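Hi everyone, thanks for coming. Could you pull up the sequence and the 3D view, so we can walk through a few side chains together?

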Amino acid sequence: MDFHLETGEKFSCIAFENLRIDDSLSKPLSLGDGLWTLPKHPFSLDKHWREWIGKIQAGKVDRCNLFFLAVTASDRPDVLDGENQMLQRRLNRLLYGLLLQGIPDHVDGFVLTGAQLSDGTHIRQFGGLRDYYNSKPKDRVKVNESLCKQAKVFEECYARIEESPDYARVKRGMSALARAISERNLEERTHEFVRALEAIAKPEIGKSTTQFMHRCQTFALASSTAKVILEECYKIRSAVEHMNLVDDVFFGSPADEMPLKAGQRLRQIEKLTTSVYFRLTTSPEHSKLFVTDSSIDNFWSRRDDERRTAWGDPVDISVIE
């Protein structure tokens, strides 16, 4: 399917620089509802816009190899307003839907907003894409058509959650998750991933460590190893929260092994957290479990076997190196 901007259309665009993609994204792909992936940008940056954003930046945009685009027809294409903000929010959800399935090694690029007018493309806003980090997993993600289509499912489903007066803990958890994948510091990332899980595990005050370990084994394949992993991740969270040394979590381990263990715990908690949030946001059956504090309390009041049946296949974090 071919694509080109029509006169009178507003757009928001994320341009990815040197993203690892496969051949399934070598042609324009309509994700539906005005969302697209494109192998090259759909607008021409003329001399005026190249001078405005800078020749070096313009050259980088030219070299970008994947573009997320949100488009809508507008009665006010020459005005930067709420329509542009709406398009950007849709793209942000699409981006997070992609990142929850695996964070590529290199996520860099630009965000552009504008419109197609009778005299050409008008760029209204231009800026860099924020940094995102993975935990150096063994299997690196390669972006493809299937991942993008699943990202669109997330975009639709999370839009309903965002617009709902409910899902307060899910929204706060997603905010913590967003901070985690944008945080350079390893310990802070682990801290935020654990807080994202805490939002829906809802451990009681005074029982937080024990209940976090127990409840999260609904999402993670239950085992003595998983229990240790979750306990150490929670201790890292607490150390960061209270400004204590994270090394104390691994007391007794050789000094050169501590960073390796911390890195492994990050990979394990990252995989668990992103998998949990992708499932609960894209599946109405699962999202209804976490609508309000009452529904969350009801879920955790069930027997272990009932909860695990309701949640479905767990993640085996013990095999993540």
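I'll go through some backbone angles, then aromatic pairs, then salt bridges, and finish with one arginine.

Before we start, keep in mind that this is a predicted model.

Okay, backbone first. Most residues other than glycine have a negative phi. So let's look at residues that break that habit. Asp33 is one of them: its phi is positive, about 60°, although Asp33 is not a glycine. Where do you find Asp33? Asp33 is in the loop between strand 2, residues 29–32, and strand 3, residues 35–38. And is Asp33 buried or exposed? Asp33 is exposed, because its relative accessible area is 55% and the cut-off for exposed is over 50%.

Now scroll along to Lys202. Here is another residue other than glycine with a positive phi, this time near 50°. Lys202 also belongs to a loop, the one between helix 6 (186–201) and helix 7 (208–216). On burial, though, Lys202 goes the other way: with a relative accessible area of 19%, Lys202 is buried. The cut-off for buried is under 20%, so 19% just falls on that side.

Next topic, aromatic rings. A pair of aromatic rings is described by the distance of the centres and the angle of the planes. How many aromatic pairs does the structure hold? Twelve. I'll show you a couple. In one of them, Phe110 and Phe126 are stacked, with 5.4 Å centre to centre and 20° between the planes. Phe110 sits in strand 5, residues 109–117, and Phe126 in strand 6, residues 120–128, so this pair ties together parts that are 16 residues apart in sequence. Phe110 is buried, at 5% relative accessible area, while Phe126 counts as partly exposed at 22%.

For another pair, go to Phe212 and Tyr234. These rings are tilted, 4.9 Å centre to centre, with 40° between the planes. What does this pair tie together? Phe212 lies in helix 7 and Tyr234 in helix 8, residues 224–241, so the pair ties together parts that are 22 residues apart in sequence. Both partners are on the inside, if you check the numbers: Phe212 is buried with a relative accessible area of 0%, and Tyr234 counts as buried at 3%.

Before we leave the rings, highlight Phe219, Phe290, Phe299, Trp300 and Trp311. Ring pairs link these residues into a cluster. Hold on to Phe299 and Trp300, since they'll come up again.

Right, charges. Side chains of opposite charge can pair when their charged atoms come close. This structure holds 21 salt bridges, and I've picked out a few.

Start with Lys149 and Glu145, where the closest N and O atoms are 2.8 Å apart. Both lie in helix 4, residues 145–163, four residues apart, which is about one turn of the helix. Lys149 counts as partly exposed at 41% relative accessibility, and Glu145 is partly exposed as well, at 25%.

Then there is Glu204 with Lys207, where the closest N and O atoms are 3.9 Å apart. The cut-off for a salt bridge is within 4 Å, so 3.9 Å still counts. Glu204 is partly exposed, with a relative accessible area of 39%, and Lys207 counts as partly exposed too, at 45%.

Salt bridges can also join up: Lys10, Arg76, Asp81 and Glu83 are linked in a network of them.

Last stop, Arg307. Which residue does Arg307 form a salt bridge with? Its partner is Asp304, with the closest N and O atoms 2.8 Å apart. Both lie in helix 12, residues 304–311, three residues apart, or about one turn of the helix. Now compare their surroundings: Arg307 counts as buried at 2% relative accessibility, whereas Asp304 is partly exposed at 26%.

What else is around Arg307? A polar atom of the Arg307 side chain lies 2.9 Å from the backbone oxygen of Arg302. And leaving aside residues up to four places away in sequence, Arg307 touches His214, Thr218, Phe299, Trp300 and Arg302. There are the two names I asked you to hold on to: Phe299 and Trp300 are in the ring cluster, and Arg307 touches both of them.

That's my tour, thanks for listening.

Conventions. Residues are numbered from 1 along each chain as its sequence is written. This is a predicted model: local features need pLDDT of at least 70, side-chain atom pairs count only at pLDDT 80 or more; totals for chains, interfaces and linings use all residues. Side-chain values use heavy atoms; hydrogens and water are left out. Helices (H or I, at least four residues) and strands (E, at least two) are DSSP runs, numbered from the N terminus. Buried means under 20% relative accessible area, exposed over 50%, partly exposed in between (1.4 Å probe, protein chains only). Rings of Phe, Tyr and Trp (its six-membered ring) pair if their centres lie within 6.5 Å; planes under 30 degrees apart count as stacked, over 60 as edge-to-face and the rest as tilted. A salt bridge is a side-chain nitrogen of Lys or Arg within 4 Å of a carboxyl oxygen of Asp or Glu. A polar contact is a pair of N or O atoms within 3.5 Å; within protein, one must be able to donate a hydrogen and the other to accept it, and residues adjacent in sequence count only if both atoms are side-chain atoms. Contact means heavy atoms within 4.5 Å.
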